[in-house]
Amino acid sequence: MPIHEKSLIRPEDLKTHEQLVVEGVDVSGHWSTFIQTRVIADYNEALEEEVAALPGAEHIHRCWQCGSCTNACTVNALNPDFNPRFWIYLVRLGMQSELLRDKDIIWQCVSCNKCTYACPRDVNPEGVMKALSHWLELKGHTPKSPSMIFDEEFSEQVIRRGRIEEGRLIQRFFKRTGQTLNQEWLVEMVRRLLRHLPLALLARLGLARLLAPRSRGWAAARAAIQDYVGAQQARQRRALGLGERLETGAADAADTTQH
Ligand code: SF4
Ligand code: SF4
């Protein structure tokens with residue numbers, strides 16, 4: 001799987017002699033540009049297996065490096081350093097340290113799925129980007145992203161009550177991401193809702209916010225979902241070489257204190 005893109009060579013690995021004459025031929029400057037030899041000794045041979053254990057990346061092994069995903073990518077058009085094809089290449093080779101150099105931009109995937117439709121091998125590159133972000137967070141290479149925190153809060157509510165209560169969801173999300181509730185756009189949104197939504201619906205929403213109702217007969221479904229989610233998370237953590245301890249306690253604790 002060779003790399004053909006010159007843009008992927010790190011500037012610090014490109015060397016040029018200002019003045020160089022070889023066997024009487026002046027090859028100064030551009031003509032003497034070469035790529036510095038590197039020895040990579042810190043491969044993570046389990047990297048592909050670890051990433052493939054996370055939802056969305058199950059088919060990463062199918063990639064044949066055609067580049068259609070990067071070519072179609074919305075974010076790549078704005079930032080050429082955002083390169084799904086290249087990251088899949090690094091994962092498959094186990095080049096973890098090289099991958100970590102881009103850890104602060106991998107989360108920028110906007111989930112438009114243009115790559116998924118362009119991929120001739122059904123790799124699901126969008127899923128791989130999500131799995132990679134997840135892998136970076138689980139391994140402690142990056143802090144938990146706001147979108148991950150939102151997902152956790154959303155799932156918590158569904159599992160706990162069998163339904164979503166938007167006000168509670170936003171409040172919990174804002175609290176965990178250190179945001180205040182008096183942001184201009186939010187105040188304006190609430191003002192418009194109050195102005196345009198029917199009174200009966202507003203009253204129902206307000207009541208739901210206070211009482212946090214559950215779906216009727218949800219207990220059995222909740223137990224089954226909790227079992228399944230617990231088993232999946234334990235499997236993923238094992239695949240990543242992490243302990244079995246789960247990280248959903250924060251939302252659990254907060255939720256129970258609100259009753
Ligand atoms: S889903 Fe993500 S990786 Fe795929 S095209 Fe959109 S931004 Fe790019
Ligand atoms: S489009 Fe699919 S097969 Fe081609 S490089 Fe991207 S993930 Fe790999």
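Helices here are DSSP runs of H or I with at least four residues, and they are numbered from the N terminus. This is a predicted model, in which local features need pLDDT of at least 70, side-chain atom pairs count only at pLDDT 80 or more, and totals for chains, interfaces and linings use all residues. Residues are numbered from 1 along each chain as its sequence is written, while chains are lettered from A and ligands numbered from 1 in the order in which they are written.

Let's start with helix α11, residues 199–211. Its 13 residues reach 18 Å from first C-alpha to last, close to the 18 Å expected at 1.5 Å a residue (that is, 1.5 Å times one less than the number of residues). None of the 13 is buried, where buried takes 20 or more other C-beta atoms, placed from the backbone, within 10 Å of a residue's own. Just after α11 comes Ala 212, with a positive phi near 45°.

Now for the inside. The largest nonpolar core has 28 residues; such a core is a set of buried Ala, Val, Leu, Ile, Met, Phe, Trp, Tyr and Cys residues joined through C-beta atoms within 7 Å. Both α4 (84–93) and α7 give it two or more residues, and α7 gives the most, with 7 residues.

Next, meet ligand 1, which 15 residues surround, Cys 73 and Glu 126 being among the closest. A residue counts as near if its C-beta atom, placed from the backbone, lies within 6 Å. Three helices each supply at least two residues of this shell:

| Helix | Residues |
|---|---|
| α3 | 74–78 |
| α6 | 114–118 |
| α7 | 125–138 |

The largest share, 3 residues, comes from α7.

Technical notes:
Buried ≥ 20, exposed ≤ 12 C-beta atoms within 10 Å, placed from the backbone.
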